[in-house]
Amino acid sequence: MDAEQFFHLIFAEAVSPEAQIAVWTLSDKATRFFDATDQAGAYGMSHIEDSDVYYGAGLYQPVSHGRGGRSDVVALTTMWGDFDIYTAGIHKDKALPNTADVVLDFLDWLILRPTVIINSGHGLH
């Protein structure tokens with residue numbers, strides 16, 4: 001699944017000029033907003049070689065400057081979780097799961113199953 005397909009899966013028809021996807025890049029610490037899933041996906045993919053790329057889990061009303069805050073979120077289309085996996089030198093809390101399999105076993109136990117699981121490198125989302 002590429003970024004455009006991912007954004008379409010989680011935001012689908014909810015994206016509009018009044019409900020935009022926020023994409024933030026670490027290299028320039030800037031947020032850009034998109035009112036189409038293909039534009040957001042293409043932008044994210046164009047920066048994965050030179051930056052960490054993040055997206056907002058909510059859709060945002062038009063934001064004139066900055067990243068936008070919780071009062072700017074107009075829609076949530078998903079429920080999400082952030083499950084850190086213990087990695088020495090990265091995490092201080094040793095009480096975290098030590099493998100992805102532990103997290104996946106927990107997710108299998110839930111009544112609501114994840115549609116998508118993303119491995120961020122030091123955890124699952």
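**Exercise 1. Describe the surroundings of Leu 124, which lies in strand S6 (residues 123-124).**

*Solution.* The model is predicted: local features require pLDDT of at least 70, side-chain atom pairs count only at pLDDT 80 or more, and totals for chains, interfaces and linings use all residues. Residues are numbered from 1 along each chain as its sequence is written, and side-chain values use heavy atoms, with hydrogens and water left out.

Step 1. Strands (E, at least two residues) and helices (H or I, at least four) are DSSP runs numbered from the N terminus.

Step 2. The relative accessible area of Leu 124 is 5%, so this residue is buried. The classes are buried under 20% relative accessible area, exposed over 50% and partly exposed in between, with a 1.4 Å probe and protein chains only.

Step 3. Contact means heavy atoms within 4.5 Å. Leaving aside residues up to four places away in sequence, Leu 124 touches Gly 81, Asp 82, Phe 83, Ile 85, Ala 100, Val 103, Leu 104, Ile 117, Ile 118 and Asn 119.

Step 4. Asp 84 is 40 residues from Leu 124 along the chain, and their C-alpha atoms are separated by 6.5 Å.

**Exercise 2. Classify the ring pairs that Tyr 55 forms with Phe 6 and Phe 7.**

*Solution.* Step 1. Rings of Phe, Tyr and Trp (its six-membered ring) pair if their centres lie within 6.5 Å; planes under 30 degrees apart count as stacked, over 60 as edge-to-face and the rest as tilted. The structure holds 10 aromatic pairs.

Step 2. For Phe 6 and Tyr 55, the centres are 5.4 Å apart with 75° between the planes, and the pair is edge-to-face. Phe 6 lies in helix H1 (residues 3-11) and Tyr 55 in strand S3 (residues 53-60), so the pair ties together parts that are 49 residues apart in sequence.

Step 3. The ring centres of Phe 7 and Tyr 55 lie 5.6 Å apart and the planes stand at 80°, so this pair is edge-to-face. It links Phe 7 in helix H1 with Tyr 55 in strand S3, 48 residues apart.

Step 4. Relative accessibility is 11% for Phe 6, which counts as buried, and 6% for Phe 7, which counts as buried. Tyr 55, at 37%, counts as partly exposed.

Step 5. Ring pairs link Phe 6, Phe 7, Phe 11 and Tyr 55 into a cluster.

**Exercise 3. Characterise the packing of H1 against helix H2 (residues 37-46).**

*Solution.* Step 1. Two packed helices are described by the angle between their axes and the distance between the axes.

Step 2. The axes of H1 and H2 come within 7 Å and cross at roughly 140°. Axes are lines fitted to C-alpha atoms, for helices over the stretch in contact, and angles run from 0 to 180 degrees between N-to-C directions.

Step 3. That crossing makes H1 oblique to H2. Angles under 35 degrees count as roughly parallel, over 145 as roughly antiparallel, 65 to 115 as roughly perpendicular and the rest as oblique.

Step 4. The residues of H1 that meet H2 are Ala 3, Glu 4, Phe 7, His 8 and Phe 11; their counterparts in H2 are Thr 37, Asp 38, Ala 40, Gly 41, Ala 42 and Met 45.
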